[in-house]
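Here are a few notes to keep beside you as you look at this structure for the first time. Take them in order, with the view open.

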Amino acid sequence: MIIKRLFIAAALCLPLVMPAPSGVLPQADAAASTVQLMLWPPSHVESKTVTLVFDYTAASAGKLRAELKFKRTGTATYQKATLGTQALAASASGQQTYRIVWNKAADKVAEGKSVDLSLTVTDAKGKATAVQLSNYKTEPKPALSSHVNNYMIYYGQWTDAMIDLVKKRYDMAIVNTKGITPRQAARLRAGVNPADASDDVLLLGYISVGEDERTQWLNAGADEEGQALCARWQRPRG
């Protein structure tokens, strides 16, 4: 029995980045290890700060340094972005996920204004790997909804083939968060072109409050177990 369902916005399209191999979102979870630097799509919901999540595959353990630059879309010159921290620790070789926070307000980037981002990660040996994202902007939630001309709802398990189809056809998708992995969600949010945030797909996930999953396949009028559960719920509380 579902008492109430809440839809929660999972910030828009995980966008990102440049040509292969850097910045290309994996075609499946297992493929992520082949990408040295992958930027997960950041939220498009207006905020003073933006959390940037990225995967980096290190050849060996050691310190990493992240640098973010931005420029107004249509201009030529990048400027250094204000980050909460730049030094990152790669505790082991292989792929790990990192987070940095961009203080968008400190850099005076207004809501609704598009910028191009360039993220560079440098390892302990000085090797730098960069990825870019164009046409990124944040807006209040009502403004985001105004861009939705079509949407789909699917509460089942997602496959890579479904993601490829949906991101070509819909502006928004509503999903059961149990049926989609984080990387699948990233691929869907990133739209057709991961390097261009303007075609991102708005992704909404829902949680159920007060749902007893034991009742999913029960019939209160015919099943003995269903009748027992109903009797328990209807028992006076004192």
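1. Phenylalanine 70, in this predicted model, stands opposite glutamine 79 in β5. The two strands involved, β4 and β5 (residues 79–80), are antiparallel and share two bridges; strands are said to pair if DSSP finds at least two bridges between them. Strands here are DSSP runs of E with at least two residues, helices are runs of H or I with at least four, and both are numbered from the N terminus.

2. What links β4 and β5? They form a hairpin with six residues between them. Have a look at glycine 74 in that turn, where phi is positive, at about 95°.

3. β4 (residues 62–72) has further antiparallel partners. Four bridges tie β4 to β6 (residues 87–90), and arginine 65 has alanine 87 as its bridge partner there. With β8, β4 shares eight bridges; alanine 66 faces valine 121 in this pairing.

4. Is serine 118, a residue of strand β8 (residues 115–122), buried or exposed? Its relative accessibility is 11%, so serine 118 counts as buried (buried is under 20% relative accessible area, exposed over 50%, partly exposed in between, with a 1.4 Å probe and protein chains only).

5. The side chain of serine 118 also makes a polar contact, at 3.2 Å, with the side chain of glutamine 132. Such a contact is a pair of N or O atoms within 3.5 Å; within protein, one must be able to donate a hydrogen and the other to accept it, and residues adjacent in sequence count only if both atoms are side-chain atoms. Leaving aside residues up to four places away in sequence, serine 118 touches Glu67, Leu68, Lys69, Tyr78, Val131 and Gln132 (contact means heavy atoms within 4.5 Å).

6. On the surface, Tyr151, Ile153 and Tyr155 make a nonpolar patch of about 300 Å². Tyrosine 151 belongs to strand β10 (residues 151–154) and is partly exposed because its relative accessibility is 49%. Patch residues have over 30% relative accessible area and no salt bridge (a side-chain nitrogen of Lys or Arg within 4 Å of a carboxyl oxygen of Asp or Glu), with nonpolar side chains (Val, Leu, Ile, Met, Phe, Trp, Tyr) joined within 5 Å and like charges within 9 Å.

7. Stepping back, the protein has four helices and twelve strands, and 41% of its 238 residues are buried.

8. Residues are numbered from 1 along each chain as its sequence is written, and side-chain values use heavy atoms, leaving out hydrogens and water. Local features need pLDDT of at least 70 and side-chain atom pairs count only at pLDDT 80 or more, while totals for chains, interfaces and linings use all residues.

Technical notes:
Areas by Shrake-Rupley, 256 points an atom, 1.4 Å probe, with all protein chains shown as cover.
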